[in-house]
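Visitor: I would like a close look at a single part of this protein, please, with enough of the surroundings that I can see where that part belongs. Could you take me through it slowly?

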Amino acid sequence: MRKAFTLIELLVVIAIIAILATIVLVSLNTARIKARDARRQSDMHQIALAMEMYYDSQTSVAYPSNLNSLVSAGYFTSLPSNPTGSAYSSYFTWTSASNYCFSVLLETSGAGYFYASQDGTGKSTNYD
């Protein structure tokens, strides 16, 4: 008599492997979302630092009127890009030559992140 697995045993093993693979893929997707959000926050921080350096280097003491000014002034070789491919420039709000505020929506549910010239630090907030 030959020893072999039955069809039921094979189906049970395949089902268990499928369940484990699904759990791993869901966990990886969550990790990817968190990684993209971390990159967005880092990019916002780098842009804020470049804004402050630009402000300090100007004789007229003003923030740039657009992000391309940071590239032409040599603070970036190219502007940071959103991990999903859309441009960050759509998230910026310029208030005046002496103030700026910009934000980006994070992928985690209901969370946002913004920088402002008033305190120069990033803040997390909830966008409702």
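Guide: From the N terminus on, the elements run α-α-β-β-β-β, which comes to two helices and four strands in the secondary structure of the protein. Please keep in mind that this is a predicted model, and that the confidence score, pLDDT, averages 80 over the protein, with 80% of the residues scoring at least 70. Among the elements, helix α1 has the highest mean pLDDT, 89, whereas strand β4, residues 122-126, has the lowest, 58. Where pLDDT is low, the predicted coordinates should not be read in detail. The part I suggest for our close look is therefore helix α1, the element with the highest mean value.

Helix α1 covers residues 7-57, and two of its residues, valine 12 and isoleucine 47, can serve as our guides along it. Valine 12 is called partly exposed because its relative accessible area is 44%, a value between the cut-offs of 20% for buried and 50% for exposed. Valine 12 also belongs to a nonpolar surface patch of about 1200 Å², which is made by Phe5, Leu7, Ile8, Leu10, Leu11, Val12, Ile14, Ile16, Ile19, Leu20 and Ile23.

Isoleucine 47, which is found in helix α1 as well, has a relative accessible area of 1%, and so it counts as buried, since buried means under 20%. The largest nonpolar core has 16 residues, and Ile47 is listed with Met44, Leu70 and Phe102 as those with the most contacts inside this core. The elements that give two or more residues to this core are α1, β2 (99-105) and β3 (111-116), and the largest share, six residues, comes from α1. Isoleucine 47 and phenylalanine 76 are 29 residues apart in sequence, while their C-alpha atoms lie 8.9 Å apart in space.

To set the helix against the whole, buried residues such as isoleucine 47 make up 23% of the 128 residues in the protein. The protein exposes about 8500 Å², and carbon and sulfur atoms supply 61% of that area. Finally, if we take the contacts between residues at least 6 apart in sequence, 40% of them join residues at least 24 apart.

Methods:
Residues numbered from 1 in each chain as written. Predicted model: local features only at pLDDT ≥ 70, side-chain atom pairs only at ≥ 80, totals over all residues. Heavy atoms only, no water. Patch = residues over 30% accessible without salt bridge, like charges linked within 9 Å, V, L, I, M, F, W, Y side chains within 5 Å. Areas by Shrake-Rupley, 256 points an atom, 1.4 Å probe, with all protein chains shown as cover. Salt bridge = Lys/Arg side-chain N within 4 Å of Asp/Glu carboxyl O. Buried < 20%, exposed > 50% of the residue type's maximum accessible area, 1.4 Å probe, protein only. pLDDT = per-residue confidence, 0-100. Contact = heavy atoms within 4.5 Å. Core = buried A, V, L, I, M, F, W, Y, C linked by side-chain atoms within 4.5 Å.
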